[in-house]
Amino acid sequence: MKKIFHSLLVLLCTAALLCGAVLPAFAEGAPANGSININKAANGETYDIYRIFDLESYTTGENGKYSYTLSEKWANVGFGTADAFTTYFKLENGYVYPKNESSYNDSATAAEFAVKALAFAKEKKIDNDGSQEATNGSVAFTGLTLGYYLVDTSLGTLCSLTTTNPTVRIDEKNSVPDIEKNIVENNQLVSSNNATIGSTINYQVTIHAKKGATGYVLTDTLSAGLTFNNDVKVKIGETSYTSPADYTVATGTSNDFTVTFNQSMLDKLTGNTDILVTYSATLNKDAVIHDGVNKNTVKLHYGNNSETTEKTTSTSTYKFDLVKTDASNTLLAGAKFKLYDSQEGGKEIKLTEVNDHTYRPAVGDEKGDDIVTIGNAPITIQGLANGTYWLEEIQQPAGYNKLTKRKSVKLENGNNIATMEGTTYNPANNGGLHIVNQSGTVLPGTGGMGTTLFYIVGGGLMVAAFVLLIAKKRMENKD
């Protein structure tokens with residue numbers, strides 16, 4: 001039984017139960033205190049230790065004998081009768097014994113006990129027996145009462161030691177978690193894209209989680225041009241998890257939100273596992289127009305005081321200039337247009353007037369406005385994704401002929417801007433969409449050659465009629 005009990009405690013170390021050194025009570029000159037040194041510790045991570053079992057006495061050697069009692073702090077809050085203890089151990093006359101000697105030679109059982117013991121300590125608010133933040137890759141606890149110590153670190157410290165040396169050195173062998181952030185577009189994962197205002201952007205974050213994970217909180221911060229749609233979904237493999245049973249989502253005050261993973265969910269991780277988090281945002285009316293981008297940044301908080309490197313995606317949106325002129329390339333006012341996604345038929349892209357020369361796609365319950373040209377500046381239509389668009393003239397300026405076909409404009413990885421010289425378009429630049437209205441043919445007017453001709457022809461007809469009338473009267477007189 002002695003050997004099996006010792007094996008259990010060492011196994012518990014591998015699952016974050018740190019076995020402290022034991023005092024050889026019957027050895028002359030044996031130290032009264034021990035120390036725990038953690039090497040390769042994660043900087044900024046806080047390591048807490050709890051002494052669960054006190055060592056009353058022991059003898060050294062292969063057939064050494066050990067005597068353990070439950071720590072007073074743990075006994076006072078009922079650990080000796082809690083399931084976390086009684087499932088694995090029993091108390092007889094105040095001494096600790098394995099409950100079932102044959103079941104303690106596997107690390108899975110040890111890991112279960114370690115997790116439950118930590119949960120009990122936090123539930124009962126048991127004070128730790130030491131707390132240190134890692135600096136320069138190490139943590140040192142000294143002057144410790146000898147016993148068996150539980151180390152609380154979200155990284156799942158892997159330790160290996162015996163019970164015959166009061167100075168314990170541990171190497172942190174666990175990897176820290178990492179994350180990936182992407183936009184899902186056309187079933188492809190990309191780090192950047194472009195979109196039209198009002199469009200939905202779908203995001204995917206992959207958390208490369210580690211066994212023994214604790215304190216996982218995902219924080220996503222969106223730029224002002226992106227509106228979170230509050231549609232977080234979480235999966236591990238083909239298994240979907242639900243809120244609030246497995247995680248909770250909370251929106252912040254800086255256009256951000258957090259996804260906090262419940263410890264009960266993290267405890268189910270039996271090895272290194274990918275957690276897939278998906279959600280979406282809408283590109284809104286405050287979107288930055290290219291050459292700026294609309295960013296979405298995410299990071300993972302884990303453990304006591306650690307964070308991953310931030311990962312960022314970006315979404316761009318573009319603009320083009322509509323230049324409406326006469327045949328001399330001078331701007332014309334009063335033309336009205338609508339924007340479409342097709343050369344014929346198709347869908348109208350409703351626009352909202354930002355100011356007298358700027359329009360963007362309508363969002364929400366905005367009804368949309370016709371594009372109306374002005375005489376002192378081109379019209380800018382902004383907030384569009386890459387693609388080809390068509391403008392249809394629905395009203396021409398007074399005195400000019402109406403266009404009979406839609407005019408196309410292309411956006412390709414950037415803005416399409418016109419170059420102006422005052423109110424005159426510079427065709428050499430070939431920027432923007434230049435649409436020319438031709439004036440109609442001038443019809444004859446009062447006092448012009450056309451009316452004179454009418455007078456001459458009319459007078460001739462009257463003379464001919466008079467001659468015919470005289471001739472007819474003479475013929476009647478002869479009769």
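**A buried asparagine, strand pairing and a pocket**

Asn37 counts as buried, because its relative accessibility is 17% and the cut-off for buried is under 20%. This value, like those below, comes from a predicted model. Asn37 belongs to strand β2, which covers residues 33-39. Neighbours within four places in sequence were left aside when its contacts were listed. Asn37 then touches Val139 and Ala140. It is also in contact with Thr167, Val168, Arg169 and Ile170.

Strand β21 was examined next. This strand spans residues 273-283. Strand β14, residues 200-209, pairs with β21 over ten bridges. The sense of this pairing is antiparallel. Within it, Ile207 has Ile275 of β21 as its bridge partner.

Two further strands pair with β21. One is β16, made up of residues 226-228. Strands β16 and β21 are joined by three bridges, in the antiparallel sense. Here Leu226 faces Leu283 of β21 as its opposite residue. The other is β17, residues 233-236. Strand β17 also pairs with β21 in the antiparallel sense, over three bridges. Lys233 has Thr278 of β21 as its bridge partner. In a regular strand, side chains alternate between the two faces of the sheet.

Another part of the model holds an open sheet of five strands. Their order is β27-β28-β30-β25-β35, and the pairing is mixed. Strands β27 (351-355) and β35 (433-436) form the edges, and each pairs on one side only. From one strand to the next, the twist averages 25°. Inside this order, β28 is followed by β30. Strand β28 consists of residues 358-361, and β30 of residues 379-384. The two pair in the parallel sense, over two bridges. Tyr359 stands opposite Ile381 of β30.

Pockets were also considered. A probe the size of a water molecule, rolled over the atoms, shows where empty space is left. The second largest pocket has a volume of about 180 Å³. Its lining includes Asp341, Lys347, Glu348, Ile349 and Lys350. Pro361 and Ala362 also line this pocket. By class, four lining residues are charged and three are nonpolar. No polar residues are found in the lining. Pro361 links this pocket to the open sheet, as it lines the pocket and falls within the residue range 358-361 of β28.

Terms used. Residues numbered from 1 in each chain as written. Predicted model: local features only at pLDDT ≥ 70, side-chain atom pairs only at ≥ 80, totals over all residues. Heavy atoms only, no water. 1 Å grid on protein atoms, 1.4 Å probe; cavity = no way out; pocket = protein on both sides within 12 Å on 5 of 7 lines; lining within 4 Å. Points joined across faces, edges and corners; volume = space filled by probe spheres on them. Nonpolar A, V, L, I, M, F, W, Y, C, P; charged D, E, K, R; others polar. Pairing = 2+ DSSP bridges. Helix = DSSP H or I, 4+ residues; strand = E, 2+ residues; numbered from the N terminus. Axes fitted to C-alpha atoms, helices over the stretch in contact; angles between N-to-C directions. Buried < 20%, exposed > 50% of the residue type's maximum accessible area, 1.4 Å probe, protein only. Contact = heavy atoms within 4.5 Å.
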